[in-house]
Amino acid sequence: MPGQKRKDSPETDQTMTVAEVSAYLSLSATSVYRLANELRALRVGGRWAFRASDVEQWLLKRRTGDELQIEPVEELGSQVRLFSHIDEKNIFLDVADSDAGTLIRNAIDRAALSLTESPEHAARERIRASILERESLCSTALHPDVAFPHPRTPEECPLARDQIVIVRASRPVEFLEMHGYRPRIVFLLLARTVSLQLQWEARLSHLLHQEGFVQNVLSAKSARELYELFAPTAQKPEAARAIS
């Protein structure tokens, strides 16, 4: 609102290290250094620092429907595991919602969340508001089939632990994405820090490059079957072991 201090001003905007940017963009550290000027990097204590909002804007401006696959690297984002943050009861399949706002609101209402504040309905509303505020800045549908909504200010959300809620819609969902992406798979990333949220996004980006991942999520017949796609390899059914 007019007169209010912007949350993404330099004083409050979250910063990222070279390693975090590397993981988030699935680029080598060398490539990140080469892009330092484009990413509007800052020198802090002799090291490069990047504002998370600048990195997101850079990525959004360069994503097109026919872009080449992002350079894969075996760094933080491709190594981190999502399984321990996913609960089978927080996987909702074939929901009827067809717009992002409704889907997000309903998912937060239904999810079994660990909260730090009461009353519960007020705590959930704060989380919803932060997610929708972030979505209003630019769409988190960064893939034709997948969106990654997350709070704008994770550290301010009343979450007692880091959790991922997965929603699969029965039809494409309108996310008002500039290239027309209307995904059916939505990962609600409820991390308590920007750093972990970006690690999750990098991991999901890594998985999206694996042949069959999206189709396996779309064709899972139950929440249990979808949940097991993220299990450690030794715990997976034979058909899902290619995704690790």
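Buried, in what follows, means under 20% relative accessible area. With that settled, I turn to the structure, which is a predicted model.

I begin with helix α5, residues 100–110, in which Ala100, Gly101, Leu103, Ile104, Ala107 and Ile108 are buried. Viewed down the helix axis, the buried residues of α5 fall within an arc of 165°, so they line one face of the helix. Which elements does that face pack against? The buried residues of α5 pack against two strands at 163–169 and 185–190, namely β6 and β7, and also against β4 (86–95) and helix α6 (120–137). At its N-terminal end, α5 is capped by Asp99, from which a side-chain oxygen lies 3.2 Å from the backbone nitrogen of Gly101.

Beyond α5 comes the loop that leads to α6, and Pro119 has its place there. The peptide bond from Ser118 to Pro119 is cis, with omega near 0°. As general background, most peptide bonds are trans, and most residues other than glycine have a negative phi.

The second half of that background brings me to two further loop residues. Arg40, between α2 (29–34) and β2 (42–44), has a positive phi, near 60°. Leu176, in the loop between β6 and β7, is not a glycine either, yet its phi is positive, at about 55°. Is Leu176 buried or exposed? Its relative accessibility is 71%, and the cut-off for exposed is over 50%, so Leu176 counts as exposed.

Let me now move to the interior. In soluble globular proteins, nonpolar side chains tend to be buried together. The largest nonpolar core in this model has 28 residues, and Phe187 and Phe230 are those with the most contacts inside it. At least two residues of this core come from each of β4, β6, β7, α7 (194–208), α8 (213–219) and α9 (223–228). Which element gives the largest share? That is α7, with five residues.

What does Phe187 touch, leaving aside residues up to four places away in sequence? Its contacts include Val146, Ala147, Phe148 and Pro149, then Ile164, Val165 and Ile166, and also Leu204, Phe213 and Phe230.

There is also a second, separate core, of 24 residues, and among them are Ile104, Tyr181, Leu188 and Leu190. Ile104 returns us to the starting point, as one of the buried residues of α5.

Technical notes: Residues numbered from 1 in each chain as written. Predicted model: local features only at pLDDT ≥ 70, side-chain atom pairs only at ≥ 80, totals over all residues. Heavy atoms only, no water. Buried < 20%, exposed > 50% of the residue type's maximum accessible area, 1.4 Å probe, protein only. Helix = DSSP H or I, 4+ residues; strand = E, 2+ residues; numbered from the N terminus. Arc of directions from axis to C-beta. Contact = heavy atoms within 4.5 Å. Polar contact = N/O pair within 3.5 Å; in protein donor to acceptor, adjacent residues only side chain to side chain. Core = buried A, V, L, I, M, F, W, Y, C linked by side-chain atoms within 4.5 Å.
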